[in-house]
Structures are given as C-alpha cells and as structure tokens.
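Let us read a model together, turn by turn, beginning with the surroundings of its ligand.

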Amino acid sequence: MKFIPTNSIVIILIAGFLSINSFAQEGYVPAEENLENREWFLDAKYGLFVHWGVYSIMGGGGDQGIAEWIMERKSIPIVQYEKLPGFFNPVDFDPAQWVSMVKRAGIKYITITSKHHDGFAMYDSKISDYNIVDATPYGKDVIGMLKEECDKQGVKLFFYHSQLDWHHPDYFPHGRTGEGIRDRSQSGDWNAYIDYMNTQLTELLTQYGEVGGIWFDGMWDKPDAEWRLGETYSLIHELQPGALIGSNHHKMPYPGEDFMMFERDLPGENSMGFNNTGISEEVPLEMCETMNGSWGFNIIDQNYKSVKALIQTMVRSAGYGANFLLNTGPMPNGQIQPENVDTLMAIGQWLELHGESVYGTRKGPVKPQEWGATTQKGNTVYVHVLNHDGGTLEIAGYTPKLKSALFFDDGSEVDVKKTKEGIILTVPKEKLQDMDTVIVLTLK
Ligand code: JFZ
C-alpha cells in the first residue's frame, strides 16, 4: 500500500473545498474557437431573448407582474401545474417565420428557454418525461425545430437553462423561492439533481449540433449550495469548446464563464437593486431587457417601452461594449406577440440605416453620459447624441486627433473646437435626429 502523508490528505481536502462555486472551472483556458466566438459575440451586439414555456398558457394569470414565475407566485401545487403541458399545443409555431423576422429585425442570435424554474423541458429530453415531446399534445421538439431553422438562416442559438428547479424532487434542500408550492418533496439527493442537470445539458449540447452557448440562471436561489460548477462548466466546454457560458448570478464572472451579464440594467448601473458588481474587463458583456415588464407572455402587461427607449438603451449598452438581449414572450399558440414584432421591425429599420455605428463596434473612448454614448471601430469613433437639445456639446477628457467629423445621416461636416480639456461639437437643432444623432469621427 502506498503511504500518503497527512499533509497530502490536507491538500486533497483543501482541493475539494476549492472546487466549490467561487473557484468554478479553475485554471480554465478558453479554446481558440471559444475566443473566436467571443469576438463574434462582441460584433453581433444584438440578440433576441425568448421566454417560452407551459406558463405562457396562463398569460400571467391576470397579474401585471407575473409570467414565468406563476407557479411560485400563485403557489400552484406541482400536481396541478403538471396539467399545463396537457394544454400546451402551439399549432401556429412557425420557426421559419420566427427566424426570418429575427433576421429582418437585424438580430444576430436567439437565447431561448430550454428549461425555466418550473422544470419543464422545452426540448426532447430523454432523462425525464417532463418535456414538450412526451407531455404535450403538440409532441414536437420546438427547440430542435428552431435550431434547424437558425442553422439554415445563419442565426446562432443559445439556451437559457435554469439551475433552480421547483419541480424536481432532488432539488433539496430548497432555496429561497418556491416554499409556497406545498407538494414539493421534503427530502432529496442534491447531487442527483446536479447529475440530472448535467445530463440535460449534455443532451442540449449533443442533440442539436453546435450551439452558441448556455445562459445560466437560478444559482441565486441557493447561493451557498455546492453547484459543482467546475464540473458543469468543464462538461460544457469539453462537449463544445466554443460554447459561451454566462450566468445570471449577479456576481463577477467565475472561472469558466465566457461572458458577463446584467439583468435589466446597463453595466455598472444598479437601478434594479441586484446588479451591484463591477464590470468585467476580461470577458464580453451582455445586458438583457424586457419590452414590457414581463419575460414570459403576459396578457395584460401593455406597459411597452417605446422603440426610441429601446434603441437608446441598445446604443448606451454598446457604449459600454455590451450586447443588448431584448426579450419577447411568445404566446401559447407559438406566435410572437404582434406588438413585439412591430417594435422589433422598427428597431430593425433604424439598424438598417445606422447599424454600422453599432454592429462590430467596441466600447467608445468616452463612457456613456447623460447626453449619449460613443462606440468605436478601428479609427472610427461614433458619437451617439441621444439626449441633447442642440447647440454645443462638450466632451471633456477626450482630445482626439481628427481627420474628419461628419453627421452620419447627411454626411455634412460637424464643427469641432478643441479645448484644453476636450472637444466641443456643435450640433445644430435642425441636425438632431429623433432616436440618435450619430456623428462619425475619423481619427488620424
Ligand atoms: C431571472 C428569472 O428569475 C426570470 O424569470 C427571468 O428568466 C430573468 C431573465 O432571470 O430573474 C431573476 C434573477 C435573480 C433574481 C430574481 C429574478 N433574484 O436574485 O432574486
């Protein structure tokens, strides 16, 4: 028998502790294709977030603030919630139509819920019957159908996957949500749950070809649990080294994560109360936002943000170097809400003309300000004047050597004065555009 000195045992024990979440995929070195995909992601700038599940049938249950959370917010027992798949029959789901719309809208990727907190798999899962193929009259794998269409039309598909699960009996001990669901199991094998989750992730990464990545959510339900993140992240990167992993844990990225996300806030802002971290300099950034106040379909929430507000948020987000992931909650029949399609098309029209100042850019030399934001591509800087009455616009702290300064829309020259502290641009009132007055600075 080999002799193991006690200090090695201590090291082994410490190594065991180090494998907890905060160390995640320790020593992770992104593969070449992963780094390429990060650049692709940064260039893409604009994605469509899709929250679609059996909860969509409930349409929020008449409550403005509820959608995909209805199981927990209305304390629907599991045995009752399990009836929902029986009613889920999205006969009007037309993936070709979705993806064509997405393309016309200038959107480069889709992130769709493969499983939300309700535990229901929207794809053909083999490890559990609680999925769209086995448990609904529709009987078809909407994720697979969508993936096929995305491949055809050159749109990347990411999966939102919930780590939190109100349905699975082994999700135990429970976290801070779902206590009102009275028939949740009162015992369970946590490790069996993580195994189950990893099996579902394996399915998602092996059944559909190359995917964009995994958008995790729900760790915040049990912040101190042993999520075995290192194992999950290594598994994903082994199956698809190029897949980008992100997690909505509202912390700085853990090793193994390939992008950092901000929920309903611009990076560095914390209007929601949960984005109280810094901004990673290491990995790409993405912010997600709703069109009204709901992620999943809500039949009475008509509190839609204007096209202008959404475009301006996208531009500010780009000013931070972050992608904009804009959400829609498709209806139970499989169609995207017409109001949302209208909004997406209007944003798309703006992008068709001004996309050059967003796609393929990186954060600009001047951090977003009250008046607007800047983006940059090579020696071109785009100044986005979003909130200004016209007249002089002083950009302090920025002293570029300029070859030219032109209004994007008509190519006319912009008057620029240099001061010791920065530059002063003159933006005549009549040059102001409703959404965004773009000024193109070409650097020497
Ligand atoms: C999460 C989901 O719960 C929500 O349904 C949606 O999918 C959104 C994109 O992501 O939102 C959160 C995240 C964190 C908390 C609450 C909701 N939290 O920390 O309490």
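Q: How do the residues of the shell around the ligand divide into nonpolar, polar and charged?
A: Ala, Val, Leu, Ile, Met, Phe, Trp, Tyr, Cys and Pro count as nonpolar, Asp, Glu, Lys and Arg as charged, and the others, Gly among them, as polar. In this predicted model, the shell holds five nonpolar, five polar and four charged residues. A residue is near the ligand if one of its heavy atoms lies within 4 Å of it, and of the 14 residues around the ligand, His51, Glu68, His116, His117 and Asp217 come nearest.

Q: Which oxygen contacts does the side chain of Glu263 make with the ligand?
A: A polar contact is a pair of N or O atoms within 3.5 Å. Here an N or O atom in the Glu263 side chain is 2.9 Å from an oxygen atom of the ligand, while for the side chain of Arg176 the distance to a ligand oxygen is 3.2 Å. The protein buries 88% of the 450 Å² that the ligand exposes when taken alone, by the Shrake-Rupley method with a 1.4 Å probe.

Q: What is the mean pLDDT of the protein chain?
A: The predictor's confidence in each residue, from 0 to 100, is called pLDDT. Its mean over the protein chain is 94, and 95% of the residues reach 70 or more. Over residues 1-6, however, the pLDDT is below 50. Where pLDDT is low, the predicted coordinates should not be read in detail.

Q: Which rules apply to numbering and atoms?
A: Residues are numbered from 1 along each chain as its sequence is written, and side-chain values use heavy atoms, without hydrogens and water. Local features need pLDDT of at least 70 and side-chain atom pairs 80 or more, whereas totals for chains, interfaces and linings use all residues.

Terms used. Polar contact = N/O pair within 3.5 Å; in protein donor to acceptor, adjacent residues only side chain to side chain. Contact = heavy atoms within 4.5 Å.
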